[in-house]
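Thank you all for making time this morning. I would like to walk you through one protein model, a few residues and strands at a time, and I will try to go slowly enough that you can follow each point on the screen.

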Amino acid sequence: GSRNLTLTVTNQTTAYNTKLDIDTTNQIALLDTFRGKSSTIFKWDGNGFGLGGQDLTNGGQHNSIALSNEFNDQALDLTFTVTDGSSVTGSRTLPIPKDSDGQTFYFKHSDFGGVNFSNINSITMSTSPSNAVDFGFKVVQSAQVPVPFEFSPSLGIVITGGFFGLNMLKKKYQKKLEV
């Protein structure tokens, strides 16, 4: 659908220009603030008429908004503000670390307070760099936060004990076959 874009430029000199490029061929948004500080706002709101209650949970399958970062040469804060069909609004800000190229950042629905993500009216994404920054992102979508696999010491002990036990059974079985 449609998006409204706003670029606010502060602390800019006349020798350098801030620019925001939307490359529809490669499907990437690029913010280059050169030596100034600029904030950028992307708003999805159906040209002011609302999104008509979009379900960002995908029927309960998704629990976050995902942003795929292509590159950034400086740290910046990225904020999503979401308003549901009942006009409940919530915001979530995440710091995007310097040089986090290729990483995906997840904004969990549960961090937005009481917003009903199965009935969304508008979404705003804004950047607030503290320094001049080159920032590019490719994908903003609803998603399921991946569950990381964490190897715990107790799991390691159980697995190692299991291998020793199987090895002992194997040796015992081989002795019976030799007799």
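**A walk through the strands**

Let me begin with Ser-87, which is exposed, since its relative accessible area is 60% and the cut-off for that word is anything over 50%. Before going further, please keep in mind that this is a predicted model. Ser-87 sits in the loop that lies between strand S6, residues 76-84, and strand S7, residues 89-96, and its phi is positive, at about 65 degrees, although Ser-87 is not a glycine. In the loop between S7 and S8 you will find Asp-99, which is not a glycine either and yet has a positive phi of about 55 degrees.

Now let us turn to the sheet. There is an open sheet of 5 strands, whose order is S2-S3-S10-S5-S8 and whose pairing is antiparallel. At its edges stand strand S2, residues 19-23, and strand S8, residues 104-108, and because each of them has a single partner strand, one side of each is left without a neighbour in the sheet. Going from one strand to the next, the twist averages 25 degrees. If you look at the S2 edge, you will see that S2 is joined by 5 bridges to strand S3, residues 28-32, and that the two run antiparallel; within this pairing, Leu-20 stands opposite Leu-31 in S3.

Staying with strand S3, I would like to point out Ala-29, which has its place there. Is Ala-29 buried or exposed? Its relative accessibility is 6%, so it counts as buried, given that the cut-off for buried is under 20%. Leaving out residues up to four places away in sequence, Ala-29 touches Asp-21, Ile-22, Phe-42, Phe-135, Gly-136 and Phe-137. The C-alpha atom of Ala-29 is also separated by 6.4 Å from that of Lys-138, although these two residues are 109 apart along the chain.

Phe-42 brings us to the aromatic rings. How many aromatic pairs does a search of the whole structure find? The search finds 5, and one of them is made by Phe-42 and Trp-44, which are stacked, with 6.5 Å from centre to centre and 20 degrees between the planes. Phe-42 counts as buried, at 5% relative accessibility, and Trp-44 is buried as well, with a relative accessible area of 16%. In another pair, the rings of Phe-80 and Phe-107 have their centres 4.7 Å apart, and because their planes are at 70 degrees, this pair is edge-to-face. Since Phe-80 lies in strand S6 and Phe-107 in strand S8, the pair ties together parts that are 27 residues apart in sequence, and both Phe-80 and Phe-107 are buried. Phe-42 and Trp-44 also belong, with Phe-135 and Phe-137, to one aromatic cluster.

I will finish with Thr-124, which is found in strand S9, residues 120-129. Thr-124 has a relative accessible area of 18%, so it is buried, because the cut-off is under 20%. Which residues is Thr-124 in contact with, leaving aside its neighbours within four places in sequence? They are Ile-41, Phe-42, Lys-43, Thr-79, Phe-80 and Thr-81, and in that list you will recognise Phe-42 and Phe-80 from the aromatic pairs we have just looked at.

Conventions
Residues numbered from 1 in each chain as written. Predicted model: local features only at pLDDT ≥ 70, side-chain atom pairs only at ≥ 80, totals over all residues. Heavy atoms only, no water. Helix = DSSP H or I, 4+ residues; strand = E, 2+ residues; numbered from the N terminus. Buried < 20%, exposed > 50% of the residue type's maximum accessible area, 1.4 Å probe, protein only. Contact = heavy atoms within 4.5 Å. Pairing = 2+ DSSP bridges. Axes fitted to C-alpha atoms, helices over the stretch in contact; angles between N-to-C directions. Phe/Tyr/Trp six-rings, centres within 6.5 Å; stacked < 30°, edge-to-face > 60°.
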